[in-house]
Amino acid sequence: MQWTDEQLMLLAIEQATLAMDQGEVPVGAVVCFDDEVIARAYNGRERQKNPVAHAEILALGGAAGRLGNWRLEGSTLVVTLEPCSMCAGALVNARVDRVVFGASDPKAGACGTLYNLCSDPRLNHEVSVTSGVLAKECGELLQSFFSQRRVNNVVGQNN
């Protein structure tokens with residue numbers, strides 16, 4: 001099957017929804033290689049008590065395990081939120097061909113918003129970046145999550 005960016009983003013949104021259901025920040029990621037989805041993941045920092053358990057890192061680890069190689073040349077990672085500097089660095093180090101993200105991250109985005117690690121010619125690899133795919137849907141998921149957390153924090157303070 002020839003996947004479109006939008007179809008892959010819908011799979012990433014499914015992962016983000018799973019994260020939200022578990023109290024995690026709703027970020028989901030999928031890795032596609034040779035038109036096959038080889039890894040899916042969502043944020044796991046709270047659940048795993050692990051600061052590096054971002055959806056992208058977990059998806060890259062799953063893809064590497066599936067391929068039996070840390071070099072992910074020829075792959076595309078699709079994620080609902082613009083990768084941070086840690087995740088962008090991992091994309092470069094894993095030799096991912098392309099990253100596709102939905103919502104931009106004005107506080108930590110490292111694929112064009114605050115930094116542009118994926119396209120820095122000083123690094124040993126450059127990752128092609130496509131931004132804004134289903135950005136509205138991805139952003140609404142994040143807004144809903146944080147809005148609900150604010151409501152719960154206010155309610156919890158009144159008890």
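Ser 75 lies in strand S3 of this predicted model. The residue is buried, with a relative accessible area of 1%. Its side chain reaches the backbone oxygen of Leu 72 at 2.5 Å. Leaving aside residues up to four places away in sequence, the contacts of Ser 75 are Val 31, Cys 32, Phe 33, Val 96, Asp 97 and Arg 98.

Strand S3 (75-81) also takes part in covering the buried residues of helix H3, as do strand S1 (28-33), strand S2 (36-42) and helix H4 (85-93), among the elements that do so. Helix H3 itself runs over residues 55-67, 13 residues in total, and spans 18 Å from its first C-alpha to its last, close to the 18 Å expected at 1.5 Å a residue. The buried positions in H3 are Ala 55, Glu 56, Ala 59, Leu 60, Ala 63 and Ala 64. These residues cover an arc of only 160 degrees around the axis, and therefore sit on the same side of H3. An α-helix has 3.6 residues a turn, so residues three or four places apart point the same way. Just after H3, Gly 68 adopts a positive phi of about 70 degrees.

A second buried polar residue is found elsewhere in the chain. Asp 120 belongs to the loop between strand S4 (98-103) and strand S5 (128-130). Asp 120 has a relative accessible area of 14%, which makes it buried. Its side chain and that of Arg 122 are joined by a polar contact of 2.6 Å.

The cysteines can be considered next. How many disulfides does a search of the whole structure find? The search returns zero. Cys 111 is in no disulfide, and the nearest cysteine sulfur, in Cys 118, is 3.5 Å away. A disulfide requires the two sulfur atoms to be within 2.5 Å, so the separation from Cys 118 does not qualify. For Cys 138, the closest cysteine sulfur is that of Cys 111, at 14 Å, which is too far for a bond. Cys 111 and Cys 138 both count as buried, at 5% and 2% relative accessibility respectively.

The relative accessible areas of the individual residues discussed here are collected below.

| Residue | Relative accessible area | Class |
|---|---|---|
| Ser 75 | 1% | buried |
| Cys 138 | 2% | buried |
| Cys 111 | 5% | buried |
| Asp 120 | 14% | buried |

Each entry is classed as buried because its value is under 20%.

Note on methods
Residues numbered from 1 in each chain as written. Predicted model: local features only at pLDDT ≥ 70, side-chain atom pairs only at ≥ 80, totals over all residues. Heavy atoms only, no water. Helix = DSSP H or I, 4+ residues; strand = E, 2+ residues; numbered from the N terminus. Expected span 1.5 Å × (residues − 1). Buried < 20%, exposed > 50% of the residue type's maximum accessible area, 1.4 Å probe, protein only. Arc of directions from axis to C-beta. Contact = heavy atoms within 4.5 Å. Polar contact = N/O pair within 3.5 Å; in protein donor to acceptor, adjacent residues only side chain to side chain.
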